[in-house]
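Visitor: I should like to take a close look at one part of this model. Please describe it in full and state the criteria as you proceed.

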Amino acid sequence: MKFQPITLKEDPVPQEIADCEKCGLYKHGSRMIWGEGNPNGDIYVILDNPGAREDREGNPFVCGTRETLQQAIHEVNIPIDKVYVTFILKRRPTRAYEKTCTRSICIQHLKFQLEEHTPKLLICLGNVALQSFYDNEEITVKAWRQHWHEINGYPLATSYHPLAVRRNKHLFSYFLEDWKMVFDRWNKR
């Protein structure tokens with residue numbers, strides 16, 4: 001079957017969190033994105049922050065990050081309905097911000113999501129997501145990829161950010177290796 005990226009259904013932001021102003025990103029004018037795909041899916045993909053979901057006219061589109069991610073998922077035969085994409089930051093930053101403080105505040109939302117849905121596997125994509133999730137700026141995707149790690153009872157894998165893969169085509173084979181590892185573990189459960 002030919003690969004065709006799709007716009008995944010957006011998961012609504014819980015009402016009690018929708019007006020969160022704790023981190024200050026609301027001042028950037030971007031809306032809160034809780035996640036996309038199946039929130040009850042087995043595999044949670046964790047990215048640093050939401051990218052563009054709509055063009056300037058407000059029409060939904062699949063950006064390069066989502067296209068590259070979905071292509072890898074398709075190539076290793078993970079059904080897209082088993083995947084949920086979420087973020088460390090729930091709003092797209094549009095200018096400079098206090099990264100460490102903002103991430104430490106926003107990660108509480110991600111922890112809430114994990115407690116609420118308890119996915120089977122996690123995969124952090126990119127150094128920012130990995131370092132923020134582990135609260136350790138010393139770890140890198142390059143050093144941690146191709147191994148399973150445990151955090152709070154969750155099996156976690158890591159790979160490059162889809163945008164890095166898109167920009168550096170030689171990374172795609174590594175990206176696929178990492179997704180194959182995720183497929184193998186998911187398929188054995």
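What span should the twelve residues of helix α1 (residues 64-75) have at 1.5 Å a residue, and how far apart are its end C-alpha atoms?

Guide: This is a predicted model, in which local features need pLDDT of at least 70 and side-chain atom pairs count only at pLDDT 80 or more, while totals for chains, interfaces and linings use all residues. Residues are numbered from 1 along each chain as its sequence is written, and side-chain values use heavy atoms, with hydrogens and water left out.

The expected span of α1 is 16 Å, and its end C-alpha atoms are 16 Å apart, so the two values agree. Here the expected span is 1.5 Å times one less than the number of residues; helices (H or I, at least four residues) and strands (E, at least two) are DSSP runs numbered from the N terminus.

The buried residues of α1 are T65, R66, T68, L69, Q70, A72 and I73, where buried means under 20% relative accessible area, exposed over 50% and partly exposed in between, with a 1.4 Å probe and protein chains only. An α-helix has 3.6 residues a turn, so residues three or four places apart point the same way. The cover over the buried residues of α1 includes strands β2 (35-37), β3 (43-47), β4 (83-87) and β5 (121-125), together with helices α5 (162-167) and α6 (172-188); contact means heavy atoms within 4.5 Å. Just after α1, N77 adopts a positive phi of about 70 degrees.

Helix α2 (residues 99-117) offers a parallel account. For its 19 residues the expected span is 27 Å, and the end C-alpha atoms are likewise 27 Å apart, in agreement. Its buried residues are T102, R103, C106, I107, H109, L110, Q113 and L114, and they pack against β3, β4, β5, α3 and β7 (154-159).

The axes of α2 and α3 (residues 127-134) come within 10 Å and cross at roughly 80 degrees; axes are lines fitted to C-alpha atoms, for helices over the stretch in contact, with angles from 0 to 180 degrees between N-to-C directions. The two helices are therefore roughly perpendicular, because angles of 65 to 115 degrees count as such, under 35 as roughly parallel, over 145 as roughly antiparallel and the rest as oblique. R103, I107, L110 and L114 of α2 meet V128, S132 and F133 of α3. By class, this contact has five nonpolar, one polar and one charged residues: Ala, Val, Leu, Ile, Met, Phe, Trp, Tyr, Cys and Pro count as nonpolar, Asp, Glu, Lys and Arg as charged, and the others, Gly among them, as polar.
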